[in-house]
Amino acid sequence: MCLLAFVAASGAVHLLAHLPGRSMWLVTAFVVTLLSIVTWVVGWRSLALALLAGLAGFLFTLARAEHRLADALSAHNENKVSRIVLRVSGLPRLDPDKRVFDAEVLSSNPEGVPTQIRVTWNAPGYSGPYGRRGDAYDFPEMVPGQVWRMALTLKTPRGTRNPHAFDYEGHVFAQGVRATASVRGTPRLLRDEPHASLSIVAQRARHYVRAALLEHVGGYRYGAVLLALVIGDQASVSASDWQVFNRSGITHLVSISGSHITMIAAIGGASMFWFWRRVRIAGRMLAERVPAHVASAATALLVAWLYCLLAGWGVPARRTFLMLAVVAVFYVLRLGLNASRLLCLVAFVVVLLDPWALLQSGFWLSFSAVAVLMISAAWAGRAVGHTDMSAGQRLLGYVRAAVGLQIAISLALTPALAFMFHEVSAVSPLVNAYAIPVIGLVVTPLALLAGGAALVPGLGWLAGLLASFSHSALHLAMLPTVWLASLPAASFSVAAAPWWTLLLCLPGLALALAPYGPPLRHAGWLLMLPALCWQPARPDEGGWSLYALDVGQAGAVVVRTAKHVLVFDAGARHSPDADDGTRVLAPFLRSLGVRHINTLVVSHADLDHAGGVGGLLQAFRVDQAYSSFDLTAYLARETQLLGTQTMLPQRLARCEYGVTWQVDGVTFEFLWPPKHFATAASFVQKTDDQTQSPKLKGRRGNARNAGSCVLRIRGAHHSALLPGDIGKREEFMLVDRGLETVDLVLAPHHGSKSSSSPRFVRATKPSDVIAQAGFQSRHGHPSPEVQARWSDHGAKFWRTDLHGAIIVHSEAKGLSVSAVRDKNRRYWHASRKGD
């Protein structure tokens with residue numbers, strides 16, 4: 001109870017929007033201490049101790065959080081160049097066009113720079129959203145422990161904020177990174193400090209293992225996966241492979257998970273046990289000097305510790321090592337320890353060492369999986385007495401037990417996976433049944449041996465041979481996995497469900513996994529159905545919901561009616577492997593329970609509006625698409641550049657003035673461009689041509705903006721206007737045509753000075769205006785002049801760069817507008833003027 005109270009109180013701190021002041025600390029300590037004394041006096045001593053343990057966890061985490069918050073980037077250094085001497089502290093990420101690494105700041109000019117920063121060193125010249133043409137830039141070798149002098153532009157970490165989405169700011173805060181930096185000029189290497197700390201030594205070892213192993217696995221289909229298994233470096237694994245891993249439910253196997261560490265430790269311990277009982281020194285068996293079980297336990301623990309350091313010491317690795325350490329100590333001392341106390345003790349130590357481990361999904365999933373495994377294995381029991389089973393029968397029994405345990409773990413973790421990732425693999429039990437032993441007992445040990453051999457001069461031939469065997473085993477395991485992942489029913493998406501549905505699963509799991517109990521106890525699995533079948537409330541007939549997503553300097557809007565979904569623009573393409581359609585829109589739509597898109601509107605061919613279309617079409621079927629350009633030609637050219645195939649919408653048409661349709665009591669109509677608009681078809685093919693001059697590119701960009709689709713939404717209660725990137729000229733023409741007032745406007749062209757003319761503002765007279773823009777946009781969007789103009793005419797001005805995604809609900813009782821940063825704020829989120 002005390003250990004769990006400490007962990008729970010530490011987690012409660014991470015739910016706070018702001019940390020309390022010192023006076024609140026004292027009040028909380030006084031109240032809890034008083035309650036503890038009262039409960040102790042009345043005889044509830046266990047509760048009293050739990051309250052005190054909870055108070056200790058709460059105050060301890062508050063103190064750690066305040067200390068980390070204090071190590072922040074000073075306001076006068078924000079987005080400014082600083083001269084910094086730093087030490088590379090993390091394994092650099094190797095990309096063709098950049099290097100990304102964590103660093104310790106040794107000195108800075110000016111002062112006010114946090115001690116831990118994340119540095120991005122970009123190659124000269126923009127590589128383009130489809131990758132660099134020509135040879136990759138030749139970066140100098142970056143090794144952990146090196147000390148460099150660099151000129152860096154520093155920023156406080158800032159990520160996009162969307163409903164039910166990944167919290168980048170929380171992620172980097174948990175890692176201790178308090179500023180991001182980009183390199184200016186040419187850095188200078190000062191010296192090398194290879195033994196600065198144990199962490200530097202471990203990261204340096206990871207670097208040399210990667211460099212040596214890359215020579216032998218670089219050309220293999222799954223060479224990046226082998227690197228991930230050996231040193232935990234997942235940066236090179238392709239997005240298509242991650243999609244297969246997610247759909248098949250083996251993501252945990254292609255990273256260094258608890259099962260890998262346990263298996264490697266078991267192999268090391270068993271080998272030492274065999275060796276220790278057979279070797280003599282000076283006429284005496286080693287087992288006579290030190291018991292074999294002690295030597296094997298120590299060896300297993302040492303192997304696990306070294307592997308965890310090589311893996312980067314993540315949360316699952318820490319949990320596994322600490323659990324093995326506790327088990328080893330109790331095993332050597334011949335003491336009994338049940339599963340619940342073991343898990344509670346390890347959870348307490350993990351949180352004590354790192355309170356922000358609670359923010360990682362790996363913490364909850366790893367502890368839950370181990371708990372189910374221990375409980376299920378203990379309740380299954382084992383046969384007593386002599387049995388006349390053959391070796392084949394025993395093997396079949398082991399396989400059945402392993403499959404049964406894997407099915408139990410998969411089913412038990414399904415609600416948590418649905419809650420966290422909104423997608424559940426249906427083939428996970430089957431795939432894991434063969435993938436776990438193959439990857440854990442064959443692929444990973446051989447890959448580790450290959451990495452070790454690659455470091456020894458003269459053993460390159462052995463490293464190549466071991467790497468070949470390891471990759472062959474992995475390739476064979478992936479053949480059925482890829483086929484299973486390609487099945488339509490391989491996985492299913494789950495809408496974001498409220499907390500109470502997840503809590504409802506707990507008694508159901510307890511009933512279903514119990515060794516005995518009431519009749520039909522296996523019906524407890526049915527209590528998982530609310531979490532898996534939850535559907536968010538839909539708008540009523542005539543109502544609509546609009547989500548202006550936070551996609552930085554890009555555009556992406558989702559509109560829902562009672563039974564239909566419309567997507568207006570799909571965000572930007574950032575690189576060959578990253579676009580907002582895949583990273584933002586697809587996860588958000590899954591969280592809403594959307595299975596397919598009824599209507600897709602791509603306002604114009606700029607990459608900040610059309611760049612995510614390919615990724616979105618790969619994730620969802622689209623019934624009808626509208627665009628101001630030839631979308632088929634656009635996707636064909638993107639397919640040629642990326643080498644990927646994209647499914648086309650079932651129907652395509654031009655967005656033109658006069659096109660109108662009505663669904664669920666809501667009318668959608670295009671107000672622009674007019675039919676046969678002069679520039680509507682003339683600006684498609686050169687969307688990413690980097691060879692054209694800036695002046696020519698600017699003219700084509702203006703032409704594309706002028707032809708943007710302008711969509712008006714009119715429901716039973718309110719109306720909205722989505723004008724794309726039109727400028728003042730197009731606004732004047734819309735006003736001259738008789739533009740009506742609306743309740744909500746998406747600021748044209750991200751709030752640019754070239755749009756939102758006074759005539760347009762007076763004609764629309766909205767109560768709310770939303771500007772989708774990137775934080776500290778280099779274009780200056782939204783313009784302060786434009787923002788003031790809308791505000792002066794009575795509109796509330798919302799900005800996705802400051803407020804995150806904006807959620808609008810049109811109902812009979814009124815138009816409600818809210819911001820994600822206001823609703824889901826945490827104490828680590830960046831707080832700036834206007835937030």
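Modeller: A cavity is a set of grid points where a 1.4 Å probe fits but cannot get out, and its lining residues have an atom within 4 Å of a point. The structure considered here is a predicted model.

Colleague: Which residues lie nearest the centre of the largest cavity, and how many line it?

Modeller: The lining of the largest cavity comprises 14 residues, and nearest its centre lie His609, Gly724, Leu746, His750 and Gln772. Strand S12 (556-560) and strand S13 (565-570) are the elements that each give two or more residues to this lining. By class, the lining divides into six nonpolar, six polar and two charged residues. The volume of this cavity is about 90 Å³, and the whole structure holds three cavities of 30 Å³ or more.

Colleague: What makes Glu169 and Arg821 a salt bridge?

Modeller: The cut-off is 4 Å between a side-chain nitrogen of Lys or Arg and a carboxyl oxygen of Asp or Glu. The N to O distance between Glu169 and Arg821 is 2.7 Å, so the pair qualifies as a salt bridge. Glu169 belongs to helix H4 (residues 168-174) and Arg821 to helix H28 (residues 820-823), 652 residues apart. Both Glu169 and Arg821 are buried. By this rule the count comes to 25 salt bridges.

Colleague: Why is Arg712 called buried?

Modeller: Buried means under 20% relative accessible area. Arg712 has 8% relative accessibility and therefore counts as buried. Its salt-bridge partner is Glu669, with the closest N and O atoms 2.9 Å apart. Glu669, at 10%, is buried as well. Because Arg712 lies in strand S21 (residues 710-714) and Glu669 in strand S20 (residues 666-672), the pair ties together parts that are 43 residues apart in sequence.

Colleague: How do you know whether Glu785 is buried or partly exposed?

Modeller: Partly exposed covers the range between under 20%, which is buried, and over 50%, which is exposed. Glu785 has a relative accessible area of 47% and is therefore partly exposed. Arg789, at 13%, is buried. These two residues form a salt bridge, with the closest N and O atoms 3.0 Å apart. Arg789 and Glu785 lie four residues apart in helix H26 (residues 784-792), about one turn of the helix.

Colleague: Why is Leu34 called partly exposed?

Modeller: With 45% relative accessibility, Leu34 falls between the two cut-offs and so counts as partly exposed. Leu34 is in helix H2 and is one of the residues of a nonpolar surface patch with about 1200 Å² of accessible area together. Helix H2 (residues 22-41) gives the largest share of that patch, nine residues.

Note on methods. Residues are numbered from 1 along each chain as its sequence is written. This is a predicted model: local features need pLDDT of at least 70, side-chain atom pairs count only at pLDDT 80 or more; totals for chains, interfaces and linings use all residues. Side-chain values use heavy atoms; hydrogens and water are left out. Patches are made of residues with over 30% relative accessible area and no salt bridge: like charges are joined within 9 Å, nonpolar side chains (Val, Leu, Ile, Met, Phe, Trp, Tyr) within 5 Å. Accessible areas come from the Shrake-Rupley method with a 1.4 Å probe; for residues, only the protein chains shown count as cover. Buried means under 20% relative accessible area, exposed over 50%, partly exposed in between (1.4 Å probe, protein chains only). On a 1 Å grid over the protein atoms alone, a cavity is a set of points where a 1.4 Å probe fits but cannot get out, and a pocket is an open set with protein on both sides within 12 Å along at least five of seven lines; lining residues have an atom within 4 Å of a point. Grid points are joined across faces, edges and corners, and a volume is the space filled by probe spheres set on the points. Ala, Val, Leu, Ile, Met, Phe, Trp, Tyr, Cys and Pro count as nonpolar, Asp, Glu, Lys and Arg as charged, and the others, Gly among them, as polar.
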